[in-house]
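Please open the model in your viewer, show side chains as sticks, and follow the stops below in order.

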Amino acid sequence: IPKLLSELVGTYYLDLSSNNFTGTVDLSFIKNCKELGYLSLSYNKLFVVEEDSNHSYLEYPFIWELGLASCNLSSVPKFLMHQRGIYDLDLSNNNIGGHVPDWIWGIGEFYFSLNLSHNLFTSVDTNLSSASVYWFDLDLHSNKIEGPLPLPPMGTYRLDFSNNRFNSSIIPEFWSRIRSADSLSLANNSLIGEVPHLICNATNMEVLDLSFNRFSGLIPPCLLKDNDRLEILNLRSNNFHGSLPQDISDQCALQVIDLNSNKLEGNLPVPLINCHML
């Protein structure tokens, strides 16, 4: 990538993603681009580094969208600590490990989409309420995060914590905080306990994937009775027992239902015929 990019001081939108660019890019080149609002270097063959020895991060422009996916990053860029109002940040497919920095939850406003998937993170704050946003899209899947599930902000509408090492049971407040969610994936962890009826307060839920955990108890009947937007229900490879809920909404929207490898018994519910899209 030519160094003359740093001389394009009036640039607002710069997308160099999904090419075959090579070499090393120092993020300090954006300091001169005071109008820059969108930057994507994702999916090249670049090594993106941050070598600003003066730590003059306040000179950086305020960026709304930043894509640094698959950029061989080993840490979260520190200039982001001084950003405000980011609504789309993609740091996925890198080599960032350790603790997800606590300050990252405070850099978004109103709407915040944060993708930290496919990294090497091992821990995260247990309460993410400092993300004071109305709509929150958080993707942490495919890391190495251990411990209890973190509590998301009330405005969470998409949440993917799958393919980690979360364990223990889920406290009731977690289910209360996903009332606005339309997609939730907790698959491939070591979560235990029952799934309470609180999950049915998420009446906008379209995708629910709790597969490959150790959940137990009955499948909440309200999941099939009261939710007419649920399209994908994956409860595969858990310890759910008892019979399937027999009362299914006339407006059933299910397209996929996977209950494989549980301890269910009894009859299939006749009202499954209401699920015309199944």
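Begin by selecting R236, which at 28% relative accessibility counts as partly exposed because this value falls between the 20% and 50% cut-offs. Keep in mind throughout that the model is predicted. With R236 still selected, add D258: the two form a salt bridge in which the closest N and O atoms are 3.3 Å apart. This pair links distant parts of the chain, since R236 sits in the loop between β18 (232-234) and β19 (239-243), while D258 belongs to strand β20 (residues 256-258), 22 residues apart.

Next, move to R158 and D182, another salt bridge, whose closest N and O atoms are 3.8 Å apart. R158 lies in strand β12 (residues 156-160) and D182 in the loop between α1 (172-176) and β14 (183-185), so the pair ties together parts that are 24 residues apart in sequence. On colouring by accessibility, R158 should appear as partly exposed at 36%, whereas D182, at 18%, counts as buried. Now add D137 to the selection, and you have one network, in which salt bridges that share partners join D137, R158 and D182.

For the last stop, select R177 together with E173, a salt bridge whose closest N and O atoms are 2.8 Å apart. Here R177 is buried, with a relative accessible area of 9%, while E173 counts as partly exposed at 38% relative accessibility.

How many salt bridges does the count come to? The count comes to eight salt bridges, among them the pairs R236 with D258, R158 with D182 and R177 with E173.

Methods: Residues numbered from 1 in each chain as written. Predicted model: local features only at pLDDT ≥ 70, side-chain atom pairs only at ≥ 80, totals over all residues. Heavy atoms only, no water. Salt bridge = Lys/Arg side-chain N within 4 Å of Asp/Glu carboxyl O. Helix = DSSP H or I, 4+ residues; strand = E, 2+ residues; numbered from the N terminus. Buried < 20%, exposed > 50% of the residue type's maximum accessible area, 1.4 Å probe, protein only.
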